[in-house]
Amino acid sequence: MGVLCVVPARGGSLRAPGKNIRPLAGRPLMAYSIGAALESSLADMVVVSTDDAGIAGVARSLGVRVVDRPPELASHDAALDDALRHAVMHLEESDGFKADIVVSLQANVPVRKPGEIDAAIEKLRGTPEATAVVTVYKVDQRPEWMKKMDPETGRLMPHMEPTAAFRMQDLPPLYLLDGAIVAVRTEVLMSTVGDRTAHAWFGERVHALEHDRRYAIEIDEPDDFEFAECFLRTAGGHGPEGIDKG
């Protein structure tokens, strides 16, 4: 039994075509996630799951194995967790590799806190009741204060029941899952197949690793590249501490 790190990187992107291999500060975007995975001392296998020949070529050039993802698991509405299950089953059938923990590292998240992948794995192993460990950051935009708009009149209305609280400290802290790291027990991942409830594949007892929002830069739009590149060039390396090893 071992730890499988998967970098899911499908070829199609509606908002930023080709983003996973587009250069970011001189390196393909997905190279940052691959580099972080390869630095993990607890990962037994690192793979890229993709349907795209270009992505597969970049992954192999970086020394990482590729799991060919079927087209039906790579459409714009395909579920990430199904791609992870496919990778698990493929490696067990082809190599006899059995993972007890699967770590998902989004290809479009280039900045990760040094050592945090191993920290997530260690926390999951050290917390028997936990079904998954995920990275999160504290939000400063409150849903209690957000509005929704009537598309016909343009009138703004409360998104939630109005609250008398108008200071951040008067409200309980809220956290957003950022996709940088998800470590889940394989048995939980495989047992939740077909459940399309949000985050159902994490299981029912999810624990968190809280980090600063700078470790959750996510690239979904073309303009996101400019912001991320500015950050990376200022910080150096593939994270805020500048740990690029070439």
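Here's a short Q&A on the packing in this predicted model.

User: Is Asn-20 buried or exposed?
Analyst: Asn-20 sits in the loop between S1 and strand S2 (23-24). Its relative accessibility comes out at 8%, and the cut-off for buried is under 20%. So Asn-20 counts as buried.

User: Which backbone oxygen does the side chain of Asn-20 reach?
Analyst: Leaving out residues up to four places away in sequence, Asn-20 touches a set of residues including Ala-9, Arg-10, Pro-28, Met-30 and Ile-55. One of these also gives a polar contact, at 3.1 Å from the Asn-20 side chain. That oxygen belongs to Arg-10.

User: Which residues of helix H4 are buried?
Analyst: H4 runs over residues 116-126. What covers its buried residues includes helix H1 (29-39) and strands S1 (2-8), S6 (99-104) and S10 (175-185). The buried ones are Glu-116, Ile-117, Asp-118, Ala-120, Ile-121 and Leu-124.

User: Which residues of H4 is Val-103 in contact with?
Analyst: Val-103 and Ile-117 are both among the residues with the most contacts inside the largest nonpolar core. Setting aside neighbours within four places in sequence, Val-103 is in contact with residues including Val-3, Leu-4 and Ile-181. From H4 (116-126), the contacts are Ile-117 and Ile-121.

User: How many residues does the largest nonpolar core have?
Analyst: S1, H1, strand S4 (45-50), helix H2 (53-61), S6, H4 and S10 each supply at least two of its residues. A second, separate core has 21 residues, including Phe-97 and Val-134. For the largest core, the count is 32.

Conventions: Residues numbered from 1 in each chain as written. Predicted model: local features only at pLDDT ≥ 70, side-chain atom pairs only at ≥ 80, totals over all residues. Heavy atoms only, no water. Buried < 20%, exposed > 50% of the residue type's maximum accessible area, 1.4 Å probe, protein only. Helix = DSSP H or I, 4+ residues; strand = E, 2+ residues; numbered from the N terminus. Contact = heavy atoms within 4.5 Å. Core = buried A, V, L, I, M, F, W, Y, C linked by side-chain atoms within 4.5 Å. Polar contact = N/O pair within 3.5 Å; in protein donor to acceptor, adjacent residues only side chain to side chain.
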